[in-house]
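Me: I am new to this structure. Please take me closely through one part of it, the surface around the DNA strand, and then show me how the rest connects.

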2 protein chains.
Amino acid sequence: MAGSTTALAQEEAGTLHEQIVNKLRGVLLNGELADGARIPEALLCLRFGISRTPLREALKVLAAEGFVELRPNRGSIVAPIDPVEVAHLFEMKGAIEHMIGRLAAVRATGEDVARIEQAHGELALHPDPAAYTALNQEFHRALAAATHNPVLLQTYDNLQKRVLRLRFVVNENPQRVLESFGEHEGIMVAFRARARLDLAERLEEHNRLTGEAVRRALKGENA
Amino acid sequence: MAGSTTALAQEEAGTLHEQIVNKLRGVLLNGELADGARIPEALLCLRFGISRTPLREALKVLAAEGFVELRPNRGSIVAPIDPVEVAHLFEMKGAIEHMIGRLAAVRATGEDVARIEQAHGELALHPDPAAYTALNQEFHRALAAATHNPVLLQTYDNLQKRVLRLRFVVNENPQRVLESFGEHEGIMVAFRARARLDLAERLEEHNRLTGEAVRRALKGENA
DNA sequence: GGACGATTTTTTGCATTCAAAAATGATCCG
DNA sequence: CGGATCATTTTTGAATGCAAAAAATCGTCC
């Protein structure tokens with residue numbers, strides 16, 4: 001049960017820069033630094049109790065991941081959330097969800113099934129948006145993991161993390177949370193039946209609908 | 001004609017660490033450092049005429065991209081090519097190729113069409129494996145770009161670069177080069193007809209066949 | 001009163017430095 | 001002669017230092 005199951009765990013071992021990558025990503029995901037805000041190196045060094053060297057290494061990695069924007073000689077900023085990019089993120093994720101469905105239906109082991117069923121079950125017990133986000137992540141990540149394709153899982157994780165920054169705007173919406181759970185029910189039906197294409201299409205569609213909800217929410221915010 | 005069209009161009013502008021990321025990736029792609037070989041920081045610093053700081057920043061980024069393996073306190077090594085991972089890479093790329101087909105068929109502009117046609121045409125004139133690799137990259141990248149989805153393009157580029165390390169083992173095979181061109185012909189037919197699903201399936205299949213050729217070649221090498 | 005420009009301050013990018021860890025090699029003992 | 005132990009060298013990881021660039025501050029002039 002050593003800790004590599006949870007995607008967002010802030011591992012405490014390993015090299016310093018790696019820790020910082022995770023911690024800093026956590027900060028960004030929690031919205032502690034607003035979109036487009038400058039990232040004050042000195043401040044974060046103080047906060048994490050490290051020097052600038054590992055922090056800057058972490059910034060480069062996060063820039064490559066798309067969380068941070070590096071402006072030469074002008075400092076780093078939190079990558080602004082661009083509605084157009086959000087659409088592109090979900091579109092890309094759609095392709096992955098489709099493949100997750102096709103593969104997970106065939107490759108899921110007993111363990112995978114257990115994890116997926118459990119996440120789904122817990123989700124049913126927690127209709128409150130607060131718990132929902134984490135459990136929802138777990139559910140979908142368990143499905144992704146059931147493909148047993150690490151490359152896919154890594155790509156999925158990266159996109160998912162980028163999308164996660166938007167949860168504030170959409171998980172407040174209990175309407176959508178309910179709808180989403182309904183879609184999960186359908187997903188589980190297809191999964192239990194090991195119906196590859198059905199599962200693939202349901203996952204892709206679920207992703208599409210979530211994307212649209214996010215886009216609507218973003219539009220509302222910007223109004 | 002300023003240089004952001006070519007994916008693998010080693011841009012000369014920008015921050016130092018960025019240049020190094022590209023240069024070093026070039027070194028790795030060219031196979032100058034063998035799989036699993038240790039990456040001598042001091043040597044590369046000398047070669048690039050920089051200090052260790054930007055080099056190490058670049059290493060972190062390349063590690064995140066999957067080209068380099070960072071072993072805490074034990075130095076970095078060129079990420080070894082694992083046949084299983086290669087299979088996973090191609091599987092993942094399949095999902096993307098499928099989506100590229102679906103989107104490019106619909107979204108390709110006149111410019112896109114021109115670029116794609118040109119790459120395809122030049123490819124016909126250069127059946128020699130040497131020129132083939134670069135032109136083939138250009139052809140497929142032009143298709144990816146025709147989706148007009150930067151997130152997809154970036155993901156595609158990353159996977160493609162990782163796969164590119166394997167070109168030595170497969171592009172030597174003139175048999176496969178010819179087959180591949182035949183598949184390209186079919187792809188162009190579907191593309192010109194703007195047949196979404198046909199194009200998608202042809203691209204996915206082409207990717208699958210390339211993957212199998214690579215796997216076969218790898219097996220042969222390892223024998 | 002406000003805009004422009006010079007000067008100070010801060011921040012950034014990279015090189016250098018330093019401590020700790022690992023690799024290497026020499027010595028000693030069985 | 002082989003293997004284990006310990007000193008030496010090399011390499012790594014991170015902090016610090018320094019020059020250049022950008023931002024902020026302030027004074028001056030219109």
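Reply: Around DNA strand C there are 14 residues, and A:Arg52, A:Arg56, B:Leu16, B:Ser51 and B:Thr53 come nearest. A residue is near a molecule or strand if one of its heavy atoms lies within 4 Å of it. Of the atoms of DNA strand C that come within 4 Å of the protein, 69% belong to sugar and phosphate.

The model is predicted: local features need pLDDT of at least 70, side-chain atom pairs count only at pLDDT 80 or more, and totals for chains, interfaces and linings use all residues. Residues are numbered from 1 along each chain as its sequence is written, chains are lettered from A and ligands numbered from 1 in the order in which they are written, and side-chain values use heavy atoms, with hydrogens and water left out.

Now the polar contacts. Such a contact is a pair of N or O atoms within 3.5 Å; within protein, one must be able to donate a hydrogen and the other to accept it, and residues adjacent in sequence count only if both atoms are side-chain atoms. A:Arg52 places a polar side-chain atom 2.9 Å from a base nitrogen of DNA strand C. B:Ser51 has a polar side-chain atom 2.5 Å from a phosphate oxygen of the strand. For B:Arg74, an N or O atom of the side chain is 2.9 Å from a phosphate oxygen. Two elements give two or more residues to this surface: helix H3 (52-65) of chain A and helix H3 (52-65) of chain B. Helices here are DSSP runs (H or I, at least four residues), numbered from the N terminus.

By class, the surface near DNA strand C has four nonpolar, five polar and five charged residues. Ala, Val, Leu, Ile, Met, Phe, Trp, Tyr, Cys and Pro count as nonpolar, Asp, Glu, Lys and Arg as charged, and the others, Gly among them, as polar.

Next, the two protein chains. A turn of 180° and a shift of 0.0 Å along the axis lay chain A on chain B with an RMSD of 0.0 Å. That is the relation of a two-fold axis. The superposition is by least squares on the C-alpha atoms of residues with pLDDT of at least 70 in both copies.

Last, a loop in chain B. B:Thr147 sits between helix H6 (129-145) and helix H7 (150-164). B:Thr147 counts as buried (under 20% relative accessible area, 1.4 Å probe, protein chains only) because its relative accessibility is 0%. Its side chain reaches the backbone oxygen of B:Ala144 at 2.7 Å.

Notes: Buried means under 20% relative accessible area, exposed over 50%, partly exposed in between (1.4 Å probe, protein chains only).
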